[in-house]
Amino acid sequence: MTSFEALLAEASADENVVGVVLFGSRGKGAFVDERSDWDVFVVVREHRGERPFVHGAVLETVETTLDELRSPPAWNRYSLAWLEPQLDKTGEVAAALRDAVRVDPATAGEPLDAYVNSYYRSAKNARLGLDLASLLDAQESIPSFLEFVFAVHGRLRPFNKWLAWELEQHPLPWNDLAQLERIAHTGDITEQQALFRDAESLARSHGLGTVIDTWEPDVAWLRGDES
């Protein structure tokens, strides 16, 4: 019996435990090797400190309540994406996992605007011959672009480790990581113009054209239609 199986058996008999969720690489079933630990949420009715978290342990347990599972910190939300509970005594754990990763597509306007802002800075710096500044702004635009693309489809932007896996296993209409890699390496303005055109088309098709329009009179220039 593995340490995880032992934990699962113990949790099944513990009245304070509502459920168990395996997360991380083992939870998603990818990037698992002999060095992979077991990352486990133990969902409890009340915190009693019976299973303290120990970083680096083979079995890393995180005690959490249903409310905490449902509303994790923003930086950790993607940890709960595409998971199913290994133990769910009431059915509430599965529901909490779904709530934790739900994204309102209407919120995509903010990262879209942040993306355009960084791209605009990159383009202006390139025009001034500030190559390093332009490259850094191009790189900074990528996280916002990705957040927008996923949010507009009601999904969380993955951690970088999971980006290619996410697009392979759960495709989106946009899927050009090679283009993002070229931008990250070179900051090439022609590549950025093409990405902006994709972002604009996606934004307008999802009712977010007003975000693009706030960048007038520079939208044509950002598209690459004007020098």
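**Warm-up.** Strands β2 and β3 run parallel and are joined by six bridges; strands here are DSSP E runs of at least two residues, helices are H or I runs of at least four, and both are numbered from the N terminus. The model is predicted, so local features need pLDDT of at least 70 and side-chain atom pairs pLDDT 80 or more, while totals for chains, interfaces and linings use all residues. Residues are numbered from 1 along each chain as its sequence is written, and side-chain values use heavy atoms, without hydrogens or water.

**Exercise 1. Work out the strand order of the open sheet, and say which strands stand at the edges.**

Step 1: Start from β2 and its link to β3, where Val-40 has Thr-61 as its bridge partner. Two strands count as paired if DSSP finds at least two bridges between them.

Step 2: Go to the next neighbour. β1 and β2 run antiparallel, with six bridges, and Leu-22 has Val-40 as its partner in β2.

Step 3: Carry on from β1 (residues 17–23) to β4, again antiparallel but with two bridges. Here Gly-19 partners Asp-88.

Step 4: Put it together: the order is β3-β2-β1-β4, with mixed pairing. β3 (59–64) and β4 (87–88) are the edge strands; each has a single partner, so one side of each lacks a neighbour in the sheet.

**Exercise 2. Find how many residues of β2 are buried, and sort them by the way they point.**

Step 1: Take the cut-offs: buried is under 20% relative accessible area, exposed is over 50%, and partly exposed lies in between (1.4 Å probe, protein chains only).

Step 2: Count along β2 (residues 38–44). Seven of the seven are buried, so the strand is largely enclosed by the rest of the structure.

Step 3: Sort them. Trp-38, Val-40, Val-42 and Val-44 point one way, with Asp-39, Phe-41 and Val-43 pointing the other.

**Exercise 3. Decide whether Glu-166 and Glu-191 are buried or exposed, and list what they touch.**

Step 1: Place them: Glu-166 is in helix α7, and Glu-191 is in helix α9.

Step 2: Check accessibility. Glu-166 has a relative accessible area of 1%, so it is buried; Glu-191, at 18%, also counts as buried.

Step 3: List contacts (heavy atoms within 4.5 Å), skipping residues up to four places away in sequence. Glu-166 touches Tyr-78, Trp-82, Phe-150, Arg-155, Pro-158 and Pro-171. Glu-191 touches Gln-179, Arg-182 and Ile-183.

**Exercise 4. Describe the largest pocket by volume, lining and residue class.**

Step 1: Get the terms straight. On a 1 Å grid over the protein atoms alone, a pocket is an open set of points where a 1.4 Å probe fits, with protein on both sides within 12 Å along at least five of seven lines; lining residues have an atom within 4 Å of a point. Points are joined across faces, edges and corners, and the volume is the space filled by probe spheres set on them.

Step 2: The volume is about 380 Å³.

Step 3: The lining has 17 residues, with Ala-74, Arg-77, Glu-147, Leu-156 and Arg-157 nearest the centre. The elements giving two or more residues to it are α5 (109–127) and α6 (131–151).

Step 4: By class, the lining has nine nonpolar, two polar and six charged residues. Nonpolar covers Ala, Val, Leu, Ile, Met, Phe, Trp, Tyr, Cys and Pro; charged covers Asp, Glu, Lys and Arg; the others, Gly among them, are polar.

Methods
Contact = heavy atoms within 4.5 Å.
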